[in-house]
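Dear colleague,

I am passing on the structure below, and I would be grateful if you could look it over with the notes that follow.

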Amino acid sequence: MMLFVVPPDTFIVQINATSLNNQPLRYVPLWTWIEAAEFFAVDPKTGRITSGGKSFDHEKGDVFKMQFRARESDELFSTCLVEIEVKDLNDNSPTFSLESYSGRVPENSPVGTPVIRVKAIDDDTGPGGEV
């Protein structure tokens, strides 16, 4: 298994709200931020979301859903949901179910006679997980 490393402070997305009163806004992550805080950082003045330094692994989590509030004051705010999808890389090698297999076939068997069945799995999704 390989973790997808994105250098800290790599730009991911920017959220943006507008104050009809032309006041500065602060972008504040809400409760959904708890699970994502290790992976992302948000600039409270600009709404710019960047990588936080922890490695991503699609097999452990493929979507981050985070809720943010743009606040002008305690009474004036707006909320948005940000979904960030972690794309899967072909980063897992296939593995066999057993370490060793053995089979027997009579010497007079016709060509194409099945001899043994083996099974392998790959933790990747999509075409990268086909074995």
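Is F40 buried or exposed, and what is its relative accessible area? In this model, which is a predicted one, F40 has a relative accessible area of 2% and is buried. F64 is likewise placed on the buried side of the cut-off, because its relative accessible area is 13% and buried means under 20%.

These residues also meet in the aromatic contacts, of which a search of the whole structure finds three pairs. F40 and F64 make up one of them, in an edge-to-face arrangement with 5.1 Å from centre to centre and 80° between the planes. Since F40 belongs to strand 3 (residues 40-42) and F64 to strand 5, the pair ties together parts that are 24 residues apart in sequence. Another pair is that of F96 and Y101, which is edge-to-face because the ring centres are 6.2 Å apart and the planes stand at 70°. Here the surroundings are more open to solvent by the numbers: F96 counts as exposed, with 54% relative accessibility, while Y101, at 28%, counts as partly exposed. F39, F40 and F64 together form one aromatic cluster.

Strand 5, in which F64 lies, deserves a description of its own. The strand spans residues 63-71, and its covered face carries F64, M66, F68 and A70, whereas V63, K65, Q67, R69 and R71 make up the uncovered one. This fits the general expectation that in a regular strand the side chains alternate between the two faces of the sheet.

As for its partners, strand 5 pairs with strand 2 (residues 26-29) in the antiparallel sense, over four bridges, and within this pairing Y27 stands opposite A70, a residue of the covered face. Strand 5 is also joined to strand 6 (residues 77-85) by nine bridges, and these strands again run antiparallel. The two of them form a hairpin, with five residues between them, and K65 of the uncovered face stands opposite E83 in strand 6.

One further contact involves R69, which is also on the uncovered face of strand 5: the charged end of R69 sits over the ring of F77, at 4.1 Å from the ring centre.

With best regards

Technical notes: Residues are numbered from 1 along each chain as its sequence is written. Side-chain values use heavy atoms; hydrogens and water are left out. Buried means under 20% relative accessible area, exposed over 50%, partly exposed in between (1.4 Å probe, protein chains only). Helices (H or I, at least four residues) and strands (E, at least two) are DSSP runs, numbered from the N terminus. Two strands pair if DSSP finds at least two bridges between them. Rings of Phe, Tyr and Trp (its six-membered ring) pair if their centres lie within 6.5 Å; planes under 30 degrees apart count as stacked, over 60 as edge-to-face and the rest as tilted. A charge sits over a ring if NZ of Lys or CZ of Arg is within 6 Å of the ring centre and within 35 degrees of the ring normal.
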